[in-house]
Amino acid sequence: MSMPTPQRPPLRFPPGFGWGAATSAYQIEGAAKEDGRGESVWDTFSRTPGRTRNGDTGDVATDHYHRYNEDLDLMRDLGLRSYRFSIAWPRIQADGTGAPNQRGLDFYRRLIDGLHERGIAPMATLFHWDLPQALQDAGGWESRDTAHRFADYADIVFRALGDRVPVWLTINEPKTVVQNGYLSGHHAPGRQDPDAAYLVAHHLHLAHGLAVRALRATGGPGRIGPAFNLHPCYPADDSPEAAAATRLYDGYENRLYLDPVFTGHYPQDVLADLGPDSRLARGIADGDLEVISSPVDLLAVQYYTPIYVTAGGGTVGRWPTSQAPWQQIYPEGMYDVLTRVTRDYGPVPITVTENGLPTPDTLGADGSVDDPGRIAFLRDHLAAAHRALTAGVPLESFHAWSLLDNFEWDEGYDQRWGLVYVDYATQRRIPKTSAHWYRRVIADNAL
Ligand code: FCB
């Protein structure tokens, strides 16, 4: 005789909780040469031999630029309440400066209207790494001027779309631009220059602050905040050396981004570690930190993995990984990261704008795509987020990364992160088992 499975009470989310999914422009849109779009650093990078797996590029991606209506219907069928996407700067200003390209703005207007028609709240990221190549040629984020160009671009977008976008995010994961773009170099623009990297961090922060001020200047109703990928850092052992190394690691991973925006200061330990002559230290002009710490309305948190730091300042793995070798699956980290932000930076409203994993999905003979690993991952991370809510974290929404399988940067199309499978040969979309599961969670508003 089998025993009945013990029933645990459902984890109910607050009424109106913003169930969502996320994407970004270069990863899904394709249509790289259409309607006046200029080139971005990711066009250049992905077309450079050896930079991406299999030489994959975002030229076609999931062809979302042409198939956005079908994708909007997929979102409606999932029951999404929020959709987080990004606007491609080179569609709005091909070279990153000057008059806006109306056809680019029109595309996002159609997308945003389509979301509203389906009862889905748009959440627009202004910059998800696709810097116009012409600005890169003029120095990119190493140049202070790029922050001002970004503010001009943001102003154009706010004035064109601000009546219809309730939430804006400024810069997606400045840390990834710093670390992958300028330290390891495995993302565009492919540099390996630590001194440049932290100056880039400063200019990304400045761009963020200028954009916040630009939105306020329009008098528009939208809310705005930064989008940070935060990595909880834990000592790998009990030694005082590991504790000290973890503290500094946390400075580089988390406080370097949170502190300037929320406290108006760079973390002293990181500044000291970089030294008084670093390009970051020399690049901070009077008044910059006031701009950078302009009050925001919310913080977007992206959580994927913890980091374990050794006494020597290296890192070790402790939990199972996914197909993304940098990822360790540790749901408790979601709770730690959310409660830490609230504890250390006050009760700023929080949205989780990315959380997910790649799984080795295949299209079955019966036409279905079964991804139990994604269901387990999302369930465990949402349970941890729910505990954070119960502990008082003002979490208002959650966005799975990603709505669709897409171009995963230097990994090309090998890693599948979507709730919806994309058959790239035909561009057919097939909701995975996890999409059906997520639809149920959304309908129940409970886990
Ligand atoms: C984040 C990025 C997003 C996607 C996921 C897997 O760092 O913001 O575009 O690549 O990782």
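## Nonpolar core

In this predicted model, the largest nonpolar core comprises 129 residues, of which Val200, Ala211, Val301, Leu338 and Ala385 touch the most other members. Helix α9, covering residues 194-218, gives the most to this core, with 13 residues.

Ala385 is in contact with Met334, Leu338, Val352, Leu395 and Phe398, once its neighbours within four places in sequence are left aside. Leu338, one of these partners, is also listed among the core residues that touch the most other members.

## Helix α15

Ala385 is one of the buried residues of α15, a set that also includes Arg374, Phe377, Leu378, His381 and Leu382. The buried residues of this helix pack against α14 (332-345), β10 (350-354), β11 and α16 (433-444). The end C-alpha atoms of α15 are 27 Å apart, which agrees with the 27 Å that its 19 residues should span at 1.5 Å a residue. Just after the helix, Gly392 takes a positive phi of about 105°.

Ile375 is also found in α15, which covers residues 372-390. Ile375 counts as partly exposed because it has 19 C-beta neighbours inside 10 Å, whereas a buried residue needs 20 or more. Residues up to four places away in sequence not being counted, Ile375 touches Thr433, Ser434 and Trp437. The C-alpha atoms of Ile375 and Lys432 are separated by 9.9 Å, although these residues lie 57 residues apart along the chain.

## Annotated active site

The unreviewed UniProt entry places the feature "active site" at Glu173 and Glu354. These positions span 182 residues in sequence, yet no two of their C-alpha atoms are more than 10.5 Å apart, so they gather at one spot.

Glu173 lies in the loop between β4 (167-172) and α8 (174-182), and it counts as buried because it has 24 C-beta neighbours inside 10 Å. Glu354, by contrast, is found in strand β10; with 23 C-beta neighbours inside 10 Å, Glu354 likewise counts as buried. With residues up to four places away in sequence not counted, Glu173 touches Ala227, Phe228, Asn229 and Gln302, while Glu354 touches Ala22, Gln302, His399 and Trp401. Gln302 thus appears in the contacts of both glutamates.

## Annotated binding site

The unreviewed UniProt entry places the feature "binding site" at Gln27, His128, Asn172, Tyr304, Trp401, Glu408 and Trp409. Trp401, one of these positions, is also a contact of Glu354.

His128 lies in the loop between β3 (121-127) and α6 (133-137) and is buried, with 24 other C-beta atoms within 10 Å. Leaving aside neighbours within four places in sequence, His128 is in contact with Ser24, Ala25, Tyr26, Ser86 and Asn172. Glu408 occupies the loop between β11 (395-401) and β12 (420-423). Glu408 is buried, with 20 other C-beta atoms within 10 Å, and its contacts beyond four places in sequence are Gln415 and Trp417.

## Overall fold

The protein chain has 16 helices and 13 strands. Its radius of gyration is 21 Å, which agrees with the value near 22 Å for a compact globule of 447 residues. Along the principal axes, the C-alpha trace spans about 75 × 60 × 45 Å.

Buried residues make up 51% of the 447 residues in the chain. Among contacts with a separation of 6 or more, 77% are accounted for by residues 24 or more positions apart.

Note on methods. Residues numbered from 1 in each chain as written. Predicted model: local features only at pLDDT ≥ 70, side-chain atom pairs only at ≥ 80, totals over all residues. UniProt positions renumbered as here; feature names shortened; annotations may be inferred. Helix = DSSP H or I, 4+ residues; strand = E, 2+ residues; numbered from the N terminus. Buried ≥ 20, exposed ≤ 12 C-beta atoms within 10 Å, placed from the backbone. Contact = placed C-beta atoms within 7 Å. Rg over C-alpha atoms; globule rule 2.2 N^0.38 Å. Expected span 1.5 Å × (residues − 1). Core = buried A, V, L, I, M, F, W, Y, C linked by C-beta atoms within 7 Å.
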